[in-house]
Amino acid sequence: LHGLPEEVVNECLQGFIEAQPARERLHTVHAGNSPARNVSTVSLRDWIVTTFGSGIAKHFMLPYNEKLLRTDLHRLSSEWVEWSVPVPSVDEVVRGARGLENPHLGYSARFLYPQEGGIEVLPKSFLPYIKNLYCNKALSAITLKEKRAWFDDNTSVHYHSVISTIALPELLTLIQDLPPSIAELRKGLKHVSVIAVNVGIEGDA
C-alpha cells in the first residue's frame, strides 16, 4: 500500500480492519474447526473480499484476477488458490502502508538458490538417477489399456504411470481410448492465455 494515494491507502486499511471478524470466522472454517460450511463452496470473489476487505479487493485483488482469469469470480472456488496467497496481520498491513519492512512475508519470502550454475543445476542433479530418458521426441498418442505412449517417430514405450505437463485439453486429445464420459467433460474445459513481459531497467530503483 505504501506510495499509493492517501485516500486509497485509508480505504484499504479500513476495509482490512473491518474484515477482521469475518476473516477469523473463515479461517476457523478452513482449519476444520466448524462443520457449518463447506469450504469448497466459497467463491473466489467472496474469499477475496472476506480475507482482504473491500478496499484491497476493489483496488487490487478483484481487478487483477478478473483481468487474469477473464471470468466471473463468483463462478470459481477459492480452494485452488487460498493456500498460496499469504494473509498478513493488521500490524503487517499497517507497517506496509507506512513503508516499513515486513520480513519473511510471502509464500516465497525465503528460498534456497544454488551458489553456482544457476537454477539449472537442480533438474540436472536428477539425471544420474533417471533411466531410459528420451529427448527430442514429441508425444503423438497414449493408450490407457495397453499403457503405451507413442512418439512422432513411430516409436513407443510402455509406462506404469504418466505425469504430464501438457495442457489438459491437449493431453485428452492424445488419449486414443479415452472413456466417452471424460471426452464429454473435455468440451467444458476452458483456459486463458497469458503473455508475460519482463522489463529490465538499468539504474537505481
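Which residues does F52 touch, not counting residues up to four places away in sequence? They are G15, F16, W47, M61, V85, P86, V87 and P88. Touching here is contact, meaning heavy atoms within 4.5 Å.

This is a predicted model, in which local features need pLDDT of at least 70, side-chain atom pairs count only at pLDDT 80 or more, and totals for chains, interfaces and linings use all residues. Residues are numbered from 1 along each chain as its sequence is written, and side-chain values use heavy atoms, with hydrogens and water left out.

**Overall build**

The protein chain has seven helices and three strands. Both are DSSP runs numbered from the N terminus: helices are H or I with at least four residues, strands are E with at least two. Along the sequence the pattern reads α-α-α-α-α-β-β-β-α-α. The chain is more spread out than a compact globule, because its radius of gyration is 23 Å, well over the 17 Å that the globule rule gives for 205 residues. That radius is taken over C-alpha atoms, and the rule is 2.2 Å times the number of residues to the power 0.38. The C-alpha trace spans about 65 × 50 × 35 Å along its principal axes.

Of the 205 residues, 23% are buried. Buried means under 20% relative accessible area, exposed means over 50%, and partly exposed lies in between (1.4 Å probe, protein chains only). The accessible surface comes to about 15800 Å², and carbon and sulfur atoms own 55% of it. Such areas come from the Shrake-Rupley method with a 1.4 Å probe; for residues, only the protein chains shown count as cover.

Now take contacts between residues at least 6 apart in sequence. Of these, 52% join residues at least 24 apart.

The chain carries 20 positive and 23 negative charges, and their mean positions are 7 Å apart. Lys and Arg count as positive, Asp and Glu as negative; His and the chain ends are not counted. Each charge is placed at NZ of Lys, CZ of Arg, CG of Asp or CD of Glu.

**Cores**

A nonpolar core is a set of buried Ala, Val, Leu, Ile, Met, Phe, Trp, Tyr and Cys residues joined through side-chain atoms within 4.5 Å. The largest one holds 20 residues, and L44, W47, I48, F52, I56 and L73 touch the most other members. Two or more residues come from each of α1 (6–18), α3 (44–69) and α4 (90–97). Helix α3 gives the most, with nine residues. Apart from this core lies another, of nine residues, including A149, Y159, L172 and L178.

**Four asparagines**

| Residue | Place | Relative accessibility |
|---|---|---|
| N10 | helix α1 | 47%, partly exposed |
| N65 | helix α3 | 11%, buried |
| N136 | loop between α5 (121–124) and β1 (139–143) | 82%, exposed |
| N154 | loop between β2 (148–151) and β3 (156–158) | 62%, exposed |

N65 touches I48, R70 and L73, not counting residues up to four places away in sequence. For N10, the C-alpha atom is separated by 33 Å from that of E202, which is 192 residues away along the chain.

Two loop residues have positive backbone angles. Phi of N136 is near 60°, a positive value in a residue other than glycine. Phi of N154 is near 70°, again positive in a residue other than glycine.
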